[in-house]
Amino acid sequence: MECLNKHFAEEEDSPITKELVSESFRCGRELAREARQRASKLVRSGVSLEACSPAMLHFFSSKLAGDTKKASELSNELLSATKILQMKVCSTSDVTPNTFLSFLENNPVQPRDLSCKPTKVCCVGSSKYRSIDGACNNPQHPAWGRRGAPFTRITAPRYADGIYAMPVARSGRPLPNPRVLSARVFADNPRAGSSRLLSALNMQWGQFITHDLVFQVMEATDEGGIQCCLGDGRDVLPQSMLNDKCIPICVAEDDPFYRQHGVRCLNFVRSVTAPREDCSLGHAEQMNTVTSFLDGSPLYSSDPKLAAKLRTKCGGRLKEETRKNCKGGFLPSVDDKSAVCDLRNSSEPCYLAGDNRINQTPMLAALHTLLLREHNRVADILSGLNPLWSDEKLYQEARKIVIAEIQHITYQEWLPLNFVALLWQVDTLILSLSGDIIGAYKFFAYASRAGESYLRYYRISPTSLYSRDYNEDVNPGVINSFGAAAFRFLHTLVPDTIMMCPASGQAAYLHKLSDHYFNPGLMEASPDSFDEIIRGAIAHRSGEADPHCSAEITTLLFKSHNPWGLDLVAMDIQRGRDHGIASYNDYREICGLQRARTFQDLANEISQDRINALAALYESVDDIDLFVGGALEHAAPGSVLGHTFQCVVAEQFYRTRVGDRFFYDNSEMPHSFTPEQLKELKKASMARLVCDNSRVRRVQRRAFEVESAHNPKSACDDYSAIPCVDLTAWKRPKFELYD
Ligand code: HEM
């Protein structure tokens, strides 16, 4: 504080001078470093996570590599500097905190300090293949979409101080408790049941593509994860022992579930933030630690070092382990199993993949395994077709094909099934009335003013083989409210159990999800287990798309051997606040709905009983969290989401496709597939992935939907029912063998 006081005494003509900025940055750096040291000291003095606690399991995935860690430290220094500058400017002039922040947004202020260099990304030549870390996808904006980039926003953030402080209600009082909201509004409803249409594999693909697009990790110390609650969650730690990144979720004494276990505190820690590209001061922006592109990064990694470690460096293959009596390979093992898995003994499997959330559930690990096998299957075929291709060439070509399959399945199979309405809205975005390209949320605003018929009238079904809508002005970065709110609504699809179906088809075995977090051993319980999980995933139903979530994730998440776990819905709400996600009412407005002045104004989108629940919990309609308001809206026709979440999700998938120079069906690029190759890739399907990479021999054509009279199972060798991607289109003439 000494350095703050020094400046208060100084007289300045302009409120923001270079000296003031330098001084604020110096102080900010000092404060951030002190906070880091204090955090490490706390852990060393025993304020640390207990082994096998739900909080410890939550931290299993939160590891930052060296370069991203440095960037996050710099971001903390910049945030402290912004806060100090705000305090100084506002206390020595009549500038309000809000005016100060809008000034910063419009007039970037960078500390002139050597340790703060704007992000430099050098792109050498124009590569035929996408980079591992996403850099240089867009030569004009080489840092867009790269690993470690800040999330993007479509509206101003909601922080209490405009910079980083957790948001409060309009009245200045605290927002409603996230656990209370979860228990009252999202509690498991045994009557809600399962989806009539969607298979558990549909849910699993959703989580996989989430991991492909986004990964926010929590702040941690060099010594390990951050503890915010007393042991056993009996209470929040006293202030003197509390890390300043702690935002624990308090649990009421009369909580319907936790009271029987005496739990009053759920550990929760703020997400890592990222410096802006130009290192300027301003509000906090969280870091996406993976590439924002749909580029198979959970399989290949977003980190070049890990990507190299995952390769055999022979035949273009990824590392896999073989097992006795199993034809297909399994993911390689991690070096230190106890650091990332919750195993009963060290002989149980714990996998290494491009994404360290891999071991979260056996079903996630199974889908990863399927895609790992697909990469190696493709690499082997390519190597047979082009025997002189190098390891590098085989790896890159197989990777390009698998990414194309992931994109094709996501855009042609998964998105239309879950968000029918959304897909044709995304297609429509490519043309606006004037022929210009417009963003999805602007389109939504326009469309809802003009009415539904407008959408139908302008529906465009893509008929051509190639798309020509790559736009170098579209930032493919993940929108903060997509990851921290809208897409998390699909947690509602998570079923209670993992189903395993033996080949006989006569029985099905159900395993509680909560008995298998971070222990993927179920995949290898017997030589048939992997196939039984895949068979179960296409036979089992996903949860119903309504706000009711399974108790397996709302009370028992990451429970390990404990009788209680974390509450994922309460975490979703708290995470939205941590990220300063603007309110539901703000999003209504940008997505074309009327801003609500009273709770009753929500009546067109939200049912009366839910409005009553909101009015009982929130003081003002302006306080409603995006996650909560969006989740309670009626689903849009043909979608699992309501209007506001559709709008955010449409915007994201629009940017993910149109902002990706390497999107698989882009035409006229040096790296574009030939027409023959693209025709083959468009035959890819989830069903074919299952057929080609497991011993499951009968699959319904639409594997994201459960079997029915309209979607019967077909034999894998029925290629007219389940077409296959013929890779002979990749055979190159002899003179190209050395490419
Ligand atoms: C068994 C299934 C699942 C489990 C156990 C699970 C668990 C989690 C956890 C622990 C987080 C991080 C919470 C935090 O610290 O804020 C998270 C984040 C998230 N989940 Fe799930 N999830 C599952 C399925 C899904 C599905 C099916 C989807 C969507 C289709 C999804 C979408 C998301 C998104 C968008 C995030 C934010 C990611 C980020 O910002 O890094 N999840 N999930």
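Which residues have the most contacts inside the largest nonpolar core? In this predicted model, they are A366, I533, I534, V649, M686, V690 and V699, and the core they belong to has 170 residues. Helix α11, which runs through residues 362-385, contributes the largest share of this core, with eleven residues. A second core, separate from this one, has 20 residues, with F25, L79, I163 and L281 among them. For a closer look at one well-connected position, V699 is a helpful example. Setting aside neighbours within four places in sequence, V699 is in contact with I538, A687, V690, C691, K713, S714, C716 and I722.

The ligand offers a second place to explore. Its shell is made up of 20 residues, of which G206, Q207, Q216, L490 and R575 are the closest. By character, the shell divides into ten nonpolar, eight polar and two charged residues. Two helices, α7 (200-213) and α19 (568-578), each supply at least two residues of this shell. The most come from α7, which gives four.

Helix α7 itself has 14 residues, and the distance from its first C-alpha to its last is 20 Å, close to the 20 Å expected at 1.5 Å a residue. Of these 14 residues, 13 are buried, so α7 is mostly covered. When looking along any such helix, it helps to remember that an α-helix has 3.6 residues a turn, so residues three or four places apart point the same way.

Another position worth finding is H491, which an unreviewed UniProt entry annotates as "binding site". H491 sits in the loop between α16 (480-483) and β6 (497-500). Is this residue buried or exposed? H491 is buried, because 23 other C-beta atoms lie within 10 Å, and 20 or more are enough to count as buried. Not counting residues up to four places away in sequence, H491 touches C549, I553, L568, V569 and D572.

Finally, two residues stand out by their backbone angles. Most residues other than glycine have a negative phi. S301, although not a glycine, has a positive phi of about 80°. F518 is also a residue other than glycine with a positive phi, in this case near 55°. The loop between α8 (297-300) and α9 (304-309) holds S301, while F518 is found in the loop between β7 (509-512) and α17 (529-539). S301 counts as buried because it has 25 C-beta neighbours inside 10 Å. F518 counts as buried too, with 22 C-beta neighbours inside 10 Å.

How values were computed
Residues are numbered from 1 along each chain as its sequence is written. This is a predicted model: local features need pLDDT of at least 70, side-chain atom pairs count only at pLDDT 80 or more; totals for chains, interfaces and linings use all residues. A nonpolar core is a set of buried Ala, Val, Leu, Ile, Met, Phe, Trp, Tyr and Cys residues joined through C-beta atoms within 7 Å. A residue is buried if 20 or more other C-beta atoms lie within 10 Å of its own, exposed if 12 or fewer, and partly exposed in between; C-beta atoms are placed from the backbone. Two residues are in contact if their C-beta atoms, placed from the backbone, lie within 7 Å. A residue is near a molecule or strand if its C-beta atom, placed from the backbone, lies within 6 Å of it. Ala, Val, Leu, Ile, Met, Phe, Trp, Tyr, Cys and Pro count as nonpolar, Asp, Glu, Lys and Arg as charged, and the others, Gly among them, as polar. UniProt positions are given in the numbering used here, feature names are shortened, and annotations may be inferred rather than shown by experiment. The expected span of a helix is 1.5 Å times one less than its number of residues.
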